[in-house]
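Here are my notes on the model you sent round. Please read them with the structure open.

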Amino acid sequence: MVHIFSLLFTLLFVFLVYGDNRCLDCHQGIENIRSPDSQMMKEILKVAEKAGYPSNTCIVCHGGNPSGKTKEEAHQGTVDFFFKNKGPKNFYPDPGSPWINKHTCGMCHQEQVRTQYTSLMFTEAGKIQGTLWGFGGINGYNHDIGNYDVQEIDIHNVLGTQKYKKYIQKLKQLEPQVFPKKMKSLPKAPTAEEVQKNPQLAVYTYIRQECQRCHTGNQGRKKRGDYRGMGCSACHIPYSNEGFYEGKDPSIPKNQPGHLLVHTIQATREAKVTVHGITYSGIPVETCTTCHDRGKRIGTSFQGLMETAYKSPFLDDGSPQPKLHTKYYIHLKEDIHMRKGMLCQDCHTSNDVHSDGTLAGTTLAPVEIECQDCHGTPDKYPWELPLGYADEVDGKVPPMDEPRGVTKKLLEVMKKGTVYDAEDGYLLTARGNPLPNVVKKDNKVIVHTAGGKDIELKPLKLLVETGKLNTEAMVAMVHAKAHMEKLECYTCHATWAPQCYGCHVKIDYSKGVKHVDWVSVGHDHDENGLTADARGDLDKHLIEGEIKEERSYLRWENPPLAVNGEHRISPAIPGCQTTVTVIGKDGKPLLLNHIFKIPNVEGAGEEGQLAIDISPVQPHTIQKEARSCESCHNNPVSMGYGIEGGKIYSDPSKPYIVDLMTSDGRILPKIFKVQINAIPNLKYDWSRFVSQEGKQLQTVGHHFSGSRPLNNEERSILDRRGVCLSCHQEIPEQDLAINLLNHIKEVSNIKIDKDKHNNILHKLVLIGAWSQLLIAFLILVGIVFIIKKLKK
């Protein structure tokens, strides 16, 4: 009986929705944008009815002419909407386009559409500032250049609680260079003639051709792994890596890449998407990785993908590994959150990605979450921590006697997504907004994932109280309290990070080759919301110059440590160690392997600091088992001294020639080539950014003012190299007692393995401590005895 009613309901829905829907004359079989019984589809039906077309849901998002008898007639804007947005609608092939979505998505989701232009995914101000930095700090520390002209939204209209708005105001005062009131458009790309006069201008060619291809103002590059929509559709419409449509609409080509996978919205847990009989919810990680595969590479790292120069292993047919995002990869351990079945959106809030209306110049600025928001600390549950904990941009730990608590209330905008039972209350972010999918239940935390899981999380304090932490964890987090007070959690738990040392950029204007200007493409949008790339009209957006990028070397293990903008020690990776070569229109180098210097910054005077950067980062490679103590305390890389202390890497400022030569280095042939050319301004290994004396050798973070290398005191506390010599300088014969013990060991044939060695050290610590206390006690007794004697 239930099945009969379900069938009748479906038939009734089809009749009401598609009864006289001429769109389906061509698009018969296309997937529902949302399931018929969803609240969103019910709202769409209401809108269609108000528009005078109660049986046509297509026109609510796509506009057009539902009475048209041909494709040309149907794809014209004649629908008159008399409710929210008065006047006729055009035809919108991609309703999510930021250039028209106020007429589509914005009918219901006004908040996100209103703030989309301040989103970092739209402005990409951080990438612009970072690239300009590598070309000589052209705009200094300022983050006021974006892809488009845009202004911040008035604080009263910022999305968030009152506590959150107050917090954001404080951040803006602390770091005004990161939170500008407005941004201006990126300068135009130079001509070859202009570059001839000032080769530094080549940076704008580089930014426009390479860096800005994935902002949400256009569809971007159509390469394997990079297919997507624009605006809302960039995230909320599924595209596969191959870019093929695999639905049932006969009018959409199935053999041409560049199409959506199926015609269904992916969003929260309630938004179900079905592909080939498999139903899922949430936004897949690979959707995010479509863009987050360059720069910090947090998307690919989250998946366990690490770039390599090699094409192995071979596929089943013997062909090489295919490129993904134009790169090859090896597979390392993916982030534990991914292994648990969590998606990016399960941690990152709507404000993180959509923006709250505040202009932010770098990723640390809009992200409102910290690990401790869910996991707490060994002595505080998340709800016992104060707001601002671990987000200490002012360098001060907030008062610990002001617990943030939980809340039973959600912001109205949050109720448009899946609403979960509050249980004992919704947890709060470090900046004071509710986490709508994370709730307190007794002394545990329940994380409701968009993918459909309800994960029970035991906070650190509960694990300590129930004795669930092993010895290593107790030492690192409970006994060594400074780790929790001064380090990010991921400093230890992010066990690897992609380190691309030496970013060699060649911009060649000699070949007459032109490539796409992705920023210009976004500016060229028509009344239907289509940008030039979506229309296939790229010819007028080609700019002079051909870009080639190379690296010096790659690493993933044991990333170095630095202080981030929250004044906490964190992992770091090369931000952009830009080495610039510019070839003029006559084929001659205008700049060759050139590293710019920026005067009067980062510990340098007028001579300038090298404009190559080591950047603090959250690598998104979290593992339950943290990196070893030795990987930091016994490793010169972690201190900033470079791989093996920089002792192996030869001086890169000198060219290296390989050919027949005499024993004193004179080249014998007259015809030879330089094998490795000089990088004039670089005297040491790329991985070395501070000397043992504390001299800074390159910039360390150029967004937040708190970013820096570890100072002398911090490095001295961290550095435990050479500790083996403390004992072994006396072994076996340098001390009588040790000589005797060593002799006993040899006679007894005792083998000292790792466990025995650790046991000996443990005993020595205890013996040493108690011996010193006993000596102190005896001295004290002796002093008391003497005083009493003297008094007699």
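The points below go through sheets, helices and surface in turn.

1. Status. This is a predicted model. Please keep that in mind for each point that follows.

2. The four-stranded sheet. Strands β10, β11, β12 and β13 form an open sheet, in the order β10-β11-β12-β13. The pairing is antiparallel. Residues 426-428 make up β10 and residues 454-457 make up β13, and these two strands stand at the edges. Each has a single partner strand, so one side of each lacks a neighbour in the sheet. From one strand to the next, the twist averages 40°.

3. The β12-β13 pairing. Strand β12 covers residues 444-448. It is joined to β13 by 4 bridges, and the two run antiparallel. To find the register, start at H448: its bridge partner in β13 is D454.

4. The β8-β9 pair. Strand β8 spans residues 305-308, and β9 spans residues 328-331. Again there are 4 bridges, with the strands antiparallel. T308 of β8 stands opposite Y328 in β9. Which way do the residues of β8 point? L305 and E307 point one way, while M306 and T308 point the other way. All of them are buried, E307 included.

5. Helix α11. How many of the residues in α11 are buried? The answer is 10 of 10, over residues 202-211. The buried set mixes residue types: among them are V203 and I207, but also R208 and E210. Q209 and C211 are buried as well. Under 20% relative accessible area is the cut-off for buried here.

6. R535. This arginine lies in helix α24, which runs over residues 532-535. Is R535 buried, exposed or in between, and why? Its relative accessibility is 29%, so it counts as partly exposed. Beyond its neighbours within four places in sequence, R535 contacts D524, H525, D526 and L530. R431 is 104 residues away in sequence, and the C-alpha to C-alpha separation between R535 and R431 is 41 Å.

7. A nonpolar patch. Five side chains should be viewed together here: I750, I752, I760, L761 and L764 make a nonpolar surface patch of about 390 Å². I752 sits in the loop between α29 and α30. Helix α29 covers residues 736-748, and α30 covers residues 754-791. At 43% relative accessibility, I752 is classed as partly exposed.

How values were computed. Residues are numbered from 1 along each chain as its sequence is written. This is a predicted model: local features need pLDDT of at least 70, side-chain atom pairs count only at pLDDT 80 or more; totals for chains, interfaces and linings use all residues. Side-chain values use heavy atoms; hydrogens and water are left out. Two strands pair if DSSP finds at least two bridges between them. Axes are lines fitted to C-alpha atoms, for helices over the stretch in contact, and angles run from 0 to 180 degrees between N-to-C directions. Buried means under 20% relative accessible area, exposed over 50%, partly exposed in between (1.4 Å probe, protein chains only). Contact means heavy atoms within 4.5 Å. Patches are made of residues with over 30% relative accessible area and no salt bridge: like charges are joined within 9 Å, nonpolar side chains (Val, Leu, Ile, Met, Phe, Trp, Tyr) within 5 Å. Accessible areas come from the Shrake-Rupley method with a 1.4 Å probe; for residues, only the protein chains shown count as cover. A salt bridge is a side-chain nitrogen of Lys or Arg within 4 Å of a carboxyl oxygen of Asp or Glu.
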